[in-house]
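Trainee: I would like a close look at one part of this model. Please take me through a single sheet, strand by strand.

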Amino acid sequence: MDDPAHINRRKRKAPSDDVQVQDNQPVDQPTIVLDSDAPSSAPRQLSDWPPPSSTHGSSPLSTEAVFKRPRLDKIQTSLRKRPSSTRKSPAKPRPPPTARHGSDIEDLGLVSAADPGPSSGSLLHLRPAPNSVDPSSPSVVDFFPIDTDLIHIPSLQPLVNRQTLKELDLDVILRNPQLRHDLLFDPGLQFRPTCSRRKRGMAERYWAAIIQEVETGCTCVSFDSRGKPHAVVCACVQVPQPPSQPVVAYSSGLNVITLRMPSRIRSLLSEFLEVLLLVIQPLSSVSGMYVNPNTLKSQMQEHTAQAAYVRSIFDPVLIEQELKHELFDPSGLFSAIGAILKGHCAPMRDRAVEAMVQAARACAPGGTGRKRDAVAAVRMCLEILELMKLDIANHQLQTLRPFLMRTSGQFELKAFRNRKGSECSLRSTREWLHLAHADLMTRESIPHPGYPSSSLCYNTLPRNQQTFLAVLKGTIDLIFDPPETSPPPASPSSSSPPPTPIFQTTTPTVARLPAHPETVYLDSTRLAALSADAADVTAIYMFLLLYRQLIHSEPGDSPVSPQDLTKVEDVDLIRLKTEIRDIGSARLGYCFSSRLVSDEIDSPREKDQEKERSAKQDIVLQVAKRAKEARGPSAPSSPIGEVPDESMVHLAQRWADSNIHPDSSLCTMLRRRLRDVVFNSVVAQAYPGRDSTSGKPSTIDFLSCIQNRPPHTLSNLATGMEPLAEEIRTLSEKISRLALIHLNAYLPLYEQDGFLA
């Protein structure tokens, strides 16, 4: 084996041994340049190799040389190729490379001629930290998983675009079962622009990114190691042109991740043009579907001519080039757009259109406007277009409302069958109606002021009328004794969780269903709201009963005589009812919610329960105070009125803790009594719901039917419910409206065999 020292002392082969050159012609001879001891901040580069200063070059295998990995600065294309030597030196392990501190953002990959991105080219690799031992270790060298759809990353599309405005198209509106169903309950239903804090933040970030790109050409956005927004560390030097896909870069010195995003200018201009054409042609989706095209032929021709003119003056590619060369003049373009918009928008939008035109004219050559002012004009125009689209949708809704009301029943039933399919058994719906029918069969009569005998005999009614009354009874049972599971959302894309029922008790007033009927999927939110209203009325009913108990039965008093029972005045009860609503939370019925046990003491649910308990104690104290005043003053009146003694407060608190919760026998009895009163009131308002001459289901405006009906007088109210007459009447009207609309759609289905049997 050769001696390494002998190998190091061997002479270098002369260049003349390999290549013959002409006389007096300089020959470039490469020399390997070593890194210095100090770490370099420059990336590995390739530069011209200078001619050697001596004939003896240092070998990388020499023992006198410092063990460093050679750095190649630049490959010169004019260098001649050296032939490979026939002698091979023995293999010797090379020392590990010295850790280097490069620049903040470094590209260690090969730059491809194609567009960089995950599918082609190379990403900016994440360089390991300076103290990393092995730069190729997977635990150190890794890509940061960044979701480009995060809320703090500016969107690549403007928030007002064709997709967001598509839900306002008439065709989409008329095919939306939930929207058409909601229109039956709220005749003044209108579309309004969403002004949530989240949307405003997204809009501000998007337009700030547009201004940054227009002024500097930079599309970068930076984050810290935890994914939080960070001041921009630009990577435009490493990626000069905006890529087609986001490119990741990493700054080891600042520990910051930077995304070089695609350009947003072209997509903004394209969406701007398409939204503008969509708004100025509102009849394109209406004609041929619900109106005669010949009646709108002249208007459609005018709109088509305007669209062609807009396309001729608005070229997104040309405008993008003019922006890059700072030659874009928006004054003429927006003046023409403003004139077209004034012919389509409502008069209330004219001022906003004029402000947009003035902002664009300020950016004309010689004007005071800047690039950000031109961006502001584009933003103002998109906001105006969104408002105009909303105005058009609202106008179409009001115009077609009679048609929607007339066809609501057939449309909802057809939509339900398409949703469930022909093989659906409707087991929950059948069980729901069967339980209501069985309960009504046990009653001798149902009070109804519209009949000569002032009552109805359910057992003798025809099957279709029994079905009608069974639906009314079943609807009220869903409100006072809701199933344990919430109904599924009306649409799979619904992001809001279904509401939680309030009356979650182990002692229901009727047999409880395991799940909601399949046919009430459009009314899940309303049923939960009505259940909350019923719980509020029940809570007030029980607090007023406590007031009566404190007046007539306090420990240590002599027996109450019958004459003392007349001391409770309706005026005092009405006043106390108002005070209970003022002191309590928004929903008094939350005291009937299930007592959930949470492992987290500071959980939001535990905090809400603590607020409910505190509000309940405040109400009990106010009830005790009013009861003390009703018993008569025992001392000179104070500025705050009579103060209840400690024994009365303790009695009231014990009574409330024992009875005002969902599983108490008193609560169950009062809720059953209130349910029966509400059912009688609903029957008086909603039955009969068929035309007396034809026998067909009524197709009139249900809202007008209920509002035009003379106010129903609640008679035979149970003892103690007199102060709650207004609340019971309001609750009955809401339930009647919901039941009539539901019956208008599903009564033909319920009249089929097998639903009441």
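Mentor: Start at one pairing. Y250 stands opposite I257 in β4. That contact point belongs to the pairing of β3 with β4, which run antiparallel and are joined by five bridges. Bear in mind that this is a predicted model.

Now step across β4. Strand β4 covers residues 256-260, and five bridges join it to β1, again antiparallel. Here I257 comes up once more: F223 stands opposite I257 in β4. So I257 of β4 has Y250 opposite and F223 opposite.

Go on to the other partner of β1. Strand β2 is short in numbering, residues 229-230, and pairs with β1 over two bridges in the antiparallel sense. F223 is part of this pairing too, standing opposite P229 in β2. Four residues lie between the strands in the hairpin of β1 and β2. In that hairpin, G227 takes a positive phi near 85°.

Put the pieces together. The four strands form an open sheet in the order β2-β1-β4-β3, with antiparallel pairing. β2 and β3 (247-251) stand at the edges with a single partner strand each, so one side of each is left without a neighbour in the sheet. Strands of a sheet pair through backbone hydrogen bonds, either parallel or antiparallel.

Look harder at β1. It spans residues 220-224, and five of the five are buried, so β1 is largely enclosed by the rest of the structure. In a regular strand the side chains alternate between the two faces of the sheet. In β1, C220, S222 and D224 point one way. V221 and F223 point the other way. Both sets are buried.

C220 deserves a cysteine check. Its relative accessible area is 5%, so C220 counts as buried. The model has zero disulfides by the distance rule. C220 is in no disulfide; the nearest cysteine sulfur, that of C218, is 3.7 Å away. The cut-off is 2.5 Å between the sulfur atoms.

Finally, keep confidence in view. The mean pLDDT of the chain is 74, and 65% of its residues reach 70 or more. Over residues 689-708 the pLDDT is below 50, and that stretch has 25 contacts in the model beyond near neighbours in sequence. Residues 1-89 also stay under 50, with 70 contacts beyond four places in sequence.

Key: Residues numbered from 1 in each chain as written. Predicted model: local features only at pLDDT ≥ 70, side-chain atom pairs only at ≥ 80, totals over all residues. Heavy atoms only, no water. pLDDT = per-residue confidence, 0-100. Contact = heavy atoms within 4.5 Å. Buried < 20%, exposed > 50% of the residue type's maximum accessible area, 1.4 Å probe, protein only. Pairing = 2+ DSSP bridges.
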